[in-house]
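Please consider the following protein chain. The questions below concern its core and its sheet.

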Amino acid sequence: MSLFADIRRRFDLRPAKSLNLAGSPARIRPEASSESAQDPIEQPRGRREPHGTAGTDHSAYLAIAEALRDGADVVPASDEVGRRLATDGVSLVEALDGLSALYRSIAGGEPAFDAVRALSSSWAEASLVYLHSLSCEDPLTGLSSLAHLRSRLGELYREAEFRGTSVPQTHALVVVEPLNPAGTSPFERELRLVDVAECLRIVFCGGDVLGRVGSHRAAALVGREPNLPEQVATVRALITQWRLDTDVPQLARIWIEGLPGSDAMAGRLLDELTRP
């Protein structure tokens with residue numbers, strides 16, 4: 001059994017719906033069903049249509065097709081195609097399926113190993129570039145992600161162990177949970193979190209980490225300064241009167257959450273705070 005055949009055999013064990021590992025949104029390209037019905041030759045699949053429906057994009061593999069027909073080196077073309085497919089949001093499984101279909105329709109056999117390696121390598125490289133470009137902040141509220149907040153907590157515990165200090169004595173979480181009335185839409189809840197984030201930034205404007213904890217809470221990882229209770233009171237006052245276009249006070253639960261003695265327990269605390 002060839003290497004590529006073995007790869008395809010392993011991928012045949014995947015779930016019916018393959019994962020989009022690249023993570024970027026796919027572009028929309030409508031296809032005419034009558035065209036595919038009249039063409040009995042299996043065509044390479046290049047992109048994923050909306051709602052997870054696989055679509056055919058002949059142009060995605062054009063560079064490889066031209067190299068095959070001209071008898072040229074397929075490695076540069078495969079490298080280009082792999083990068084393009086990853087950018088378009090095509091999973092590696094789909095990309096290899098398309099490459100296989102292309103080779104069968106033009107060369108009558110399985111893809112060359114060099115083509116498979118070049119396409120896979122460039123796909124992985126482009127996907128990593130995309131993943132590394134992702135921000136650790138929520139784009140709407142500007143609050144740090146839960147993962148970033150958890151990572152910063154871990155750094156504090158490691159630092160405390162090295163210095164012989166205690167995180168529960170030096171730091172705490174200020175947790176804010178907007179109290180939304182019945183019938184509040186998800187969009188209105190998001191707007192309330194935007195307001196909360198702005199109020200937290202006004203009061204905790206130093207090096208404190210302001211993070212989103214689940215879908216309905218925000219938290220500030222702050223130092224236990226003597227004026228912390230006054231800062232919390234200021235946050236409460238700001239949130240209550242933040243929207244000047246309404247006479248209804250913007251209610252919210254605000255409290256100081258003590259941190260546990262270990263990093264592992266702090267992670268469990270964050271998990272609890274993310275629950276409704």
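Reader: What share of the contacts in the protein chain with a separation of 6 or more comes from residues 24 or more positions apart?

Author: This is a predicted model, in which local features need pLDDT of at least 70, side-chain atom pairs count only at pLDDT 80 or more, and totals for chains, interfaces and linings use all residues. Residues are numbered from 1 along each chain as its sequence is written, and side-chain values use heavy atoms, with hydrogens and water left out. A contact means heavy atoms within 4.5 Å. Among contacts with a separation of 6 or more, the share from residues 24 or more positions apart is 71%.

Reader: Which helix supplies the largest share of the largest nonpolar core?

Author: A nonpolar core is a set of buried (under 20% relative accessible area, 1.4 Å probe, protein chains only) Ala, Val, Leu, Ile, Met, Phe, Trp, Tyr and Cys residues joined through side-chain atoms within 4.5 Å. The largest has 22 residues, of which Y61, I64, L85, L99 and L119 touch the most other members. Helices (DSSP runs of H or I, at least four residues) α3 (62–70), α4 (74–87), α5 (92–106) and α6 (113–133) each supply at least two residues of this core. The largest share, six residues, comes from α5.

Reader: Which strands stand at the edges of the open sheet?

Author: Strands are DSSP runs of E, at least two residues, and two strands pair if DSSP finds at least two bridges between them. Four strands form the open sheet in the order β4-β5-β3-β6, with antiparallel pairing. Two of them have a single partner strand each, so one side of each is left without a neighbour in the sheet: β4 (209–213) and β6 (252–258).

How values were computed: Buried < 20%, exposed > 50% of the residue type's maximum accessible area, 1.4 Å probe, protein only.
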